[in-house]
Amino acid sequence: MKNCLICHGDVSSSFGWGAFLGLHKPNPVCEECERAFQKITGELCRICGREWEMVAPENRRKDLCSDCFRWEEDQSTAGLLQQNRSVYHYNDHMKDVLAKYKFRGDAVLAQVFRKAFLQSFETTWSKNLPIFVPIPLSADRTYERGFNQSLFLAELLPGTPEELLFKSNSEKQSKKARKERMERENSFYVPDPEPVKGKSILLIDDIYTTGTTLRMAAKVLRDAGAKDISSFTLVRS
Ligand SMILES: [Zn+2]
Ligand SMILES: [Zn+2]
C-alpha cells in the first residue's frame, strides 16, 4: 500500500506488473490529484508566458500582455527578463498544495512536480543550458522556514543549481508603485560577479505573480555582468 503525497489516498490501484517488478516508479500522487493540476498550454505571452487565452482582448499588445508591455516600455526595466515560462496555472488545487509545500516544509512535495517540471524545462531550454540560479530567501526567512523551495525546484533540473544570488534581511514589501519598489527595495545582491559575467542565467522560483521579484533579481544579475536572464517557475498566477 502506497499513499498519495497530496491527499494521502491509496495509489496502489494504479500499480501494475511493471511497478511490482521495479520497472518503473509508482506515481507519487493519485490520478485525481494529478488531474486537478492544470498545465499552461497553447499560445503564450511572449515574455511572461501567460496563457494567451487568459489575457483579456483589451490587454493584448501584439504578442505581449499589457503588463509585459509596460515593463518593456520603461527604459529602466526593458529587456531585463528575456522570457518567463511556467508549468501550471494557479488554480485552487495548486494553491492548496503550494501552501502546504511552502509552509509545512514538505520537501517531498517537490517530487510531485519533478516529471512535469523537467519536461517543461526541456521543451523550452533544450539547447544551450543556462546556469540555474534559485531565487534566494533572506537568511532570516531561511531560518524560519528551514528550506528554500526554489532551491528544491532548481535541484530537479539537469545540472547543479548555483546560488549566486543572495537576499538581505531587510524585506520591506510594500504597495508602492513597482518602479519605486524596483529602485528602492531591491534587497537582492550578487556577492561575487565573476561567475555571472557573460553568462545566460535561468532564475528558478515557485511562482510568477507580478514579475517584480524576478525583475529585481534580474536587475542585480545584469548589473553584475550577466549576458541574459530568463526565468522558469512552477506556477503562473
Ligand atoms: Zn491524491
Ligand atoms: Zn506578459
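**Exercise 1. Work out which residues of H5 are buried and what they pack against.**

Start with the term: a residue is buried if 20 or more other C-beta atoms lie within 10 Å of its own, exposed if 12 or fewer, and partly exposed in between, with C-beta atoms placed from the backbone. In H5, that picks out Ala110, Val112, Phe113, Phe117 and Phe121. Residues three or four places apart in an α-helix point the same way, because there are 3.6 residues a turn. Next, look for partners: the buried residues of H5 pack against strand S3 (84-89), helix H7 (149-154) and strand S8 (228-236). Contact here means C-beta atoms, placed from the backbone, within 7 Å. Helices (H or I, at least four residues) and strands (E, at least two) are DSSP runs, numbered from the N terminus.

A word on the model: it is predicted, local features need pLDDT of at least 70, side-chain atom pairs count only at pLDDT 80 or more, and totals for chains, interfaces and linings use all residues. Residues are numbered from 1 along each chain as its sequence is written, while chains are lettered from A and ligands numbered from 1 in the order in which they are written.

**Exercise 2. Check the span of H5 and find its kink.**

Take the 15 residues of H5 (residues 110-124). The expected span is 1.5 Å times one less than the number of residues, so H5 should cover 21 Å. Its end C-alpha atoms sit 20 Å apart, which agrees. Now for the kink: H5 bends by about 30°, centred on Ala116. That bend is the angle between axes fitted to the seven residues ending at a residue and the seven starting there.

**Exercise 3. Lay out the open sheet.**

Four strands run in the order S3-S8-S7-S4, with parallel pairing. S3 and strand S4 (131-134) are the edges, each pairing on one side only. Strands count as paired if DSSP finds at least two bridges between them; S4 and strand S7 (residues 200-208) have four, in the parallel sense. One to look up is Phe132, whose bridge partner in S7 is Leu202.

**Exercise 4. Find the phi of Lys62 and say whether Lys62 is buried or exposed.**

Most residues other than glycine have a negative phi. Lys62 is not a glycine, yet its phi is positive, about 50°. Lys62 sits in the loop between strand S1 (60-61) and strand S2 (64-65). Count its neighbours: 6 other C-beta atoms within 10 Å, so Lys62 is exposed.

Key:
Contact = placed C-beta atoms within 7 Å.
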